[in-house]
Amino acid sequence: MYPPPRKDFIALTLSDPHSHSYNNGKHRRQSCWRKWKQLSRLQRSLILFLLALLLILVLVSYPSITEHWRGLSEKEDWLELKDRDLHMVPPGLNPVLRLPEGNAPASVAGLHMEPAEDPQDLMEPRGPHIPVLARPPTKRKPFSNKRPPPGSQKDGNVSDTVSDPKQNHEVVREEAGEEEEEEKKKIVSWRGAMIEAELATEPPPSANEKEAVEPRAPADPAATVPQQATDQLEAVRDAFKHAWKAYKEYAWGHDELKPISKSFSEWFGLGLTMIDSLDTMWILGLKEEFAEARSWVEKELSFDKNVDVNLFETTIRILGGLLSCYHLTGDQLFLDKAQDLGSRLMPAFKTPSKIPFSDVNIGKGTAHPPRWTSDSTLAEVTSIQLEFRELSHLTQDPQYQDAANEVMRLVHKLPGKHDGLVPMFINTNSGQFSHKGVFTLGARADSYYEYLLKQWIQGGKTEDNLLEDYLQAIEGVKKHLVRQTGPGRLTFVGELSHNRFNPKMDHLVCFLPGTLALGAHNGLPGDHMDLAVQLMETCYQMYKRMETGLSPEIAHFSMQASEGQDVIAKPADRHNLLRPETVESLFYMHRFTKDSKYRDWGWDILQSFNKYTKVPGGGYTSINNVGDPANPGPRDKMESFFLGETLKYLYLLFSDDMELLSLDKYIFNTEAHPLPIWPSPPK
Ligand code: DMJ
């Protein structure tokens, strides 16, 4: 806080009917001073006493005010903002850049919410031939763009109004709040440390292979791999079953499990965890669980709901999950559901620029941006293409891919990039980048880079613009963002903010080693692989150097050799949300190099998840403090991506079956849902 400017007197503005006649501050001050002198000693004492009292009150209430803001980062409410509702800035707040060295509490991969004081502070961008895939027969269906009457759907957990989805969510959360508090009180001491021996009772995955007709089911791992790998695969299955047990018991059909309070939370009210987990169950060979979930999809899942959903999150988690399940199982149910959802998401693209809005009401067929801006997040509008393109391929209806490809076409030719690096926002009216000047590979930009490469691979490596943008961006990353730490020479990817380098890296950036390795595997420059190897080491060190063996959400790096530690986790950044990016990259690195150290690292990470995030009785929870093994601080939330991505990538990392979702046949969307690589067109 800055001290107030020194004053020799107290300037009081007392009510004066003639005050309007004063035309400058000097006169006003003189008048006040005169009035003050006219007051009796008692009156003056009384006023001074009241002012002193007011000052004390302000000082006393200051911690709770600051605590309120801290709450945005350290409590679950902020967690909600973190991944998804960054764009949902409450009225009166503006997202502003966090100070590089500040202990800014509510950081969202580099952003936090503060009351905007200065318009200048408004956020600036700081998120060989491929074998032909054997595909299940596609039933071509006439496209129907059904629209239900507004408000036709009422659901116990989803508001039947469309006013404010965030508000709806909050209502559910508030109602659950008291019960949660009660439940938490019952947990006398939770230390996270818990490894339960569960007997593996599940039959091995199906070994039925109908290569020519259906994608293969996973082979029986026990029959094909050495003991250590079998144990590791079993450990992942056990982890999944432990998580699923609680989801089934306390959150069945709801979006997310709250494992501590043994309850659930809703986001879209679409059974997010159920759908995100489907293909993981199939891959892990958890047949019974898969069958139950499939039955829920068949009987309960309806998109005919008056609910606002986020286009990006719904696309990568639900549309991607359904499409991937269709490919793995050949079950028409999943394609029908995917097409229904895809058609309900299409209104998002009806904007002046064709850059989609962030939110769609899938029941009403309306779309809109967040209330306070007409911008969309760059990563969000450029990370829906794999799914929309695949939907068109399967349905023979071009509308989905046309809309998604148009976004890429527009962004490709857009001015405002910095050696291939893109700003974090794009305006849905003008179609131009907005809030230029900040460049990151973390939140809001991350999957733009990932999807450039993956679309190019998906399309049979024919779309040159995508490759060009990807190669240029990686050159930009190397030039502007890649640096090494002083003490231990760890390579990391920092951020650029108005030409100022910030040595900070979100855990989200740990997708990059895997993506770089995938590019190198597909014929891109060898130095991409060199960089992947170095960054992979750093991402692992972000886990290893923390007391719990789990990475913080954001790491800061020391650039000076004298600084001692390479990796620093600031208090506001010490949470861990069970994120997948590091194990995702470990999977790619192991597939391409066969270096067993990557498996060892993944094994270490799984052990740490089991020790500090596994909840007795069922479920895994995100935690508050990776630096405190005695009290990691459960946050009471199991994100759907823990089952959809983290455990899936760990399983694939430990599997010796390189044909299990071969990286020459499948491309994983950014939520780890595998989609087929299309055959190259004849030359
Ligand atoms: C997931 O939803 C996806 O991986 C997305 O690309 C980034 N955020 C989460 C996982 O961290």
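**Exercise 1. Locate Gln458 in this predicted model, decide whether Gln458 is buried or exposed, and list what Gln458 touches.**

Step 1. Gln458 is found in helix H14, which covers residues 446–458, and the model in which this placement is made is a predicted one.

Step 2. The relative accessibility of Gln458 is 0%, and since buried means under 20% relative accessible area, Gln458 counts as buried.

Step 3. Leaving out residues up to four places away in sequence, Gln458 touches Leu386, Arg389 and Glu390, and also Ile667, Pro676, Ile677 and Trp678.

**Exercise 2. Describe the surroundings of Gln385, beginning with its helix and ending with the polar contacts of its side chain.**

Step 1. Gln385 lies in helix H12, residues 385–395, and is buried, because its relative accessible area of 0% falls under the 20% limit.

Step 2. Outside the window of four places along the sequence, the residues that Gln385 touches are Ala404, Val407, Met408, Tyr451 and Gln455.

Step 3. For the polar contacts, the side chain of Gln385 reaches the backbone oxygen of Val381 at 3.0 Å, while a polar atom of that side chain lies 3.2 Å from the backbone nitrogen of Ser383.

Step 4. As a check on separation, Gln385 and Ile316 are 69 residues apart in sequence, and their C-alpha atoms are 9.5 Å apart in space.

**Exercise 3. Classify Lys354 and His590 by accessibility, and place each in the secondary structure.**

Step 1. Lys354 sits in the loop between helix H10 (332–345) and strand E6 (359–361), whereas His590 belongs to helix H18, residues 581–593.

Step 2. The relative accessible area of Lys354 is 46%, which lies between the limits of 20% and 50%, so Lys354 is partly exposed.

Step 3. His590 has a relative accessible area of 5%, and because the limit for buried is under 20%, His590 is classed as buried.

Step 4. Not counting residues up to four places away in sequence, Lys354 touches Phe349, Glu406, Val407 and Leu410; for the pair Lys354 and Leu410, the separation is 56 residues in sequence and 8.7 Å from C-alpha to C-alpha.

Step 5. With that exclusion applied to His590 as well, its contacts are Asp595, Ser596, Tyr598, Arg599, Leu653 and Met658.

**Exercise 4. Work out the strand order of the sheet that contains E11, E14 and E15, and find which strands stand at its edges.**

Step 1. The 3 strands form an open sheet in the order E11-E14-E15, with antiparallel pairing.

Step 2. Strand E11 (438–439) and strand E15 (500–502) each have a single partner strand and stand at the edges, so one side of each is left without a neighbour in the sheet.

Step 3. E11 is joined by 2 bridges to the antiparallel strand E14, residues 495–497, and Phe439 stands opposite Leu496 in E14.

Step 4. Helix H15, residues 464–481, packs on the sheet and touches E11, E14 and E15, its direction making about 75° with that of E14.

**Exercise 5. Follow the pairing around strand E17, and say which residues cover its two faces.**

Step 1. Strand E16 (residues 504–506) is joined to E17 by 3 bridges, and the two run antiparallel; the bridge partner of Lys504 in E17 is His556.

Step 2. On to strand E18 (residues 567–568), E17 is joined by 2 bridges, again in an antiparallel arrangement, with Val567 in E18 as the bridge partner of Phe557.

Step 3. Both faces of E17, residues 554–557, are covered, since Ile554 and His556 on one side and Ala555 and Phe557 on the other are all buried.

**Exercise 6. Characterise the largest nonpolar core, and set it beside the totals for the chain.**

Step 1. The largest nonpolar core has 151 residues, and those with the most contacts inside it are Phe388, Leu441 and Val493; helix H9 (residues 311–329) supplies the largest share of this core, 10 residues.

Step 2. Beyond four places along the sequence, Phe388 touches Leu311, Thr315, Leu319, Gly342, Leu345, Met346, Phe349, Tyr400, Gln401 and Ala404.

Step 3. In soluble globular proteins, nonpolar side chains tend to be buried together.

Step 4. For the chain, buried residues make up 58% of the 683 residues, the exposed area is about 27800 Å², of which carbon and sulfur atoms supply 54%, and the secondary structure comes to 20 helices and 20 strands.

Methods: Residues numbered from 1 in each chain as written. Predicted model: local features only at pLDDT ≥ 70, side-chain atom pairs only at ≥ 80, totals over all residues. Heavy atoms only, no water. Core = buried A, V, L, I, M, F, W, Y, C linked by side-chain atoms within 4.5 Å. Buried < 20%, exposed > 50% of the residue type's maximum accessible area, 1.4 Å probe, protein only. Helix = DSSP H or I, 4+ residues; strand = E, 2+ residues; numbered from the N terminus. Contact = heavy atoms within 4.5 Å. Pairing = 2+ DSSP bridges. Axes fitted to C-alpha atoms, helices over the stretch in contact; angles between N-to-C directions. Areas by Shrake-Rupley, 256 points an atom, 1.4 Å probe, with all protein chains shown as cover. Polar contact = N/O pair within 3.5 Å; in protein donor to acceptor, adjacent residues only side chain to side chain.
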